[in-house]
Amino acid sequence: MKFKKLSALIMAVVLIISLAACSKADDSKKDTDEKTKLTVCLDWTPNTNHTGMFVALDKGYYDEAGLDVEIVQPPENTGAVQVCASGQAQFAVEFQDTLAPVFTSDTPLGVTAVAALLQHNTSGIISKAGEGMDRPKGLEGKTFLTWNSPTELAIMKNVVNSDGGNWDNVNLIPNTVTDEAQDIKNNPDHAIWVFYAWSGINAKVNNIDVDYFYFKDINETFDYYTPVLIGNNDFLADNPDAAKAFLSATKKGYEYAIENPEEAADILIKSDETGSLVGSEKLVYESQKWIAEQYIADAEKWGYIDPQRWDRFYAWLWDNKLVEKELPAGTGFTNDYLE
């Protein structure tokens, strides 16, 4: 009799433990199921513009925010903005200048810039040191490697002419270069539009002496936002809390990269599934140290977009007939999803 009672008691305890285990498993599954799935489409292969997102993924910041985030490459046959507008990605990396046609076409795409990845435009002109191209006027009689973009050429004409030069006296050839530092080393008359955090630092890493000037230092209008994070409009409207959670976790990732550039570089290298960073580890570390000071710079917080700067550049595009229609103030961006 005692044996039967003991057996019954043991069975009851086992049942309780089993039910508790099942309940925990169900709760765990429920937690996983309830995470909001997000896809972020990059503009290019992984680089130090993107580090904060890879840090947020690696450190579990997205997971802690209830998000299941995947970072993907843009398809070869289309751009990140099209992927985001179609809803294949909820967020993507783009640039204010290339977004302008998106907002002014007869069928504008449904995306909005929600955060600045860098606070200032760090692009400019790189050339071999001592060749006289340390200022825009110096490009006269030299060769500029162009992508033949109307906006690119208009900006170049503006900075050269405003510096007392004559843009008509600058030779133009197509830009097919993949290593700008080596190109200008071998071609002393070449000038190339680059982003300093990568191409400028690459020259430094390879001990190539260069001259460089920033567009923003020549004309404040050209201190536009490049790159930015854009969001799909439908997703932003339907899931504001998830959008805010994503940007909050991303902010933590960039703040970590600011405070820990070497560790952040380790994470970026480890996270790169494209293989594009193999052999460029020194460049990544040096670029990360430099760009850490550019993520927030003098802004009040990470991601903030200054309305005056944003609108000023779009007004300039309209004044110079580089867009199909005038963009009202505040078009194409919001700070509403930032902390």
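This passage describes a predicted model, beginning with a sheet and the helix that packs on it and then turning to other helices and loops.

The sheet is open and is built from 5 strands, which follow the order 7-6-8-5-9 with mixed pairing. Its edges are taken by strand 7 (171-174) and strand 9 (210-214), each of which has a single partner strand, so that one side of each is left without a neighbour in the sheet. On average, and with direction ignored, neighbouring strands of this sheet are turned by 35° against each other. Both senses of pairing can be illustrated by individual strand pairs. Strand 5 and strand 8 run antiparallel and are joined by 5 bridges, and I125 stands opposite W193 in strand 8. Strand 6 and strand 7, by contrast, pair in the parallel sense over 4 bridges, with P174 in strand 7 serving as the bridge partner of T146.

Strand 6 and strand 7 also belong, together with helix 6, to a right-handed β-α-β unit. Helix 6 comprises residues 150-162, and its 13 residues reach 18 Å from the first C-alpha to the last, which is close to the 18 Å expected at 1.5 Å a residue. This helix packs on the sheet, where it touches strand 5, strand 6, strand 7 and strand 8, and its direction makes about 155° with that of strand 6. The buried residues of helix 6 are T151, E152, A154, I155, M156, V159 and V160. The cover over these buried residues includes strand 5 (123-128), strand 6 (143-146) and strand 8 (190-195), and it also includes two helices, helix 9 (215-218) and helix 14 (307-319). Just after helix 6, a positive phi of about 95° is found at G164.

Helix 8 (residues 196-205) has 8 of its 10 residues buried, and it is therefore largely enclosed by the rest of the structure. Those buried residues are Y196, A197, S199, G200, I201, N202, A203 and V205. They pack against strand 5, strand 8 and strand 9, as well as against helix 7 (180-186) and helix 13. A positive phi, here of about 60°, is taken by N207 just after helix 8.

A further helix packing involves helix 2 (residues 51-58) and helix 12 (residues 261-271), whose axes come within 9 Å and cross at roughly 85°. Helix 2 is accordingly roughly perpendicular to helix 12. In this packing, T51, F54, V55 and D58 in helix 2 meet A264, I267, L268, K270 and S271 in helix 12.

Two loop residues may be described alongside these elements. Q294 lies in the loop between helix 13 (281-291) and helix 14, and with a relative accessible area of 17% this residue is buried, because the term applies to values under 20%. When its neighbours within four places in sequence are left aside, Q294 is in contact with L118, Q119 and T122. G79, in turn, is found in the loop between strand 2 (67-72) and helix 4 (80-85), and its relative accessible area of 23% makes this glycine partly exposed. The C-alpha atoms of G79 and V93 are separated by 9.8 Å, the two residues being 14 residues apart along the chain.

Definitions and conventions:
Residues are numbered from 1 along each chain as its sequence is written. This is a predicted model: local features need pLDDT of at least 70, side-chain atom pairs count only at pLDDT 80 or more; totals for chains, interfaces and linings use all residues. Side-chain values use heavy atoms; hydrogens and water are left out. The expected span of a helix is 1.5 Å times one less than its number of residues. Buried means under 20% relative accessible area, exposed over 50%, partly exposed in between (1.4 Å probe, protein chains only). Contact means heavy atoms within 4.5 Å. Two strands pair if DSSP finds at least two bridges between them. Axes are lines fitted to C-alpha atoms, for helices over the stretch in contact, and angles run from 0 to 180 degrees between N-to-C directions. A crossover is right-handed if, with the strands pointing away from the viewer, the path from the first strand over the helix to the second runs clockwise. Angles under 35 degrees count as roughly parallel, over 145 as roughly antiparallel, 65 to 115 as roughly perpendicular and the rest as oblique.
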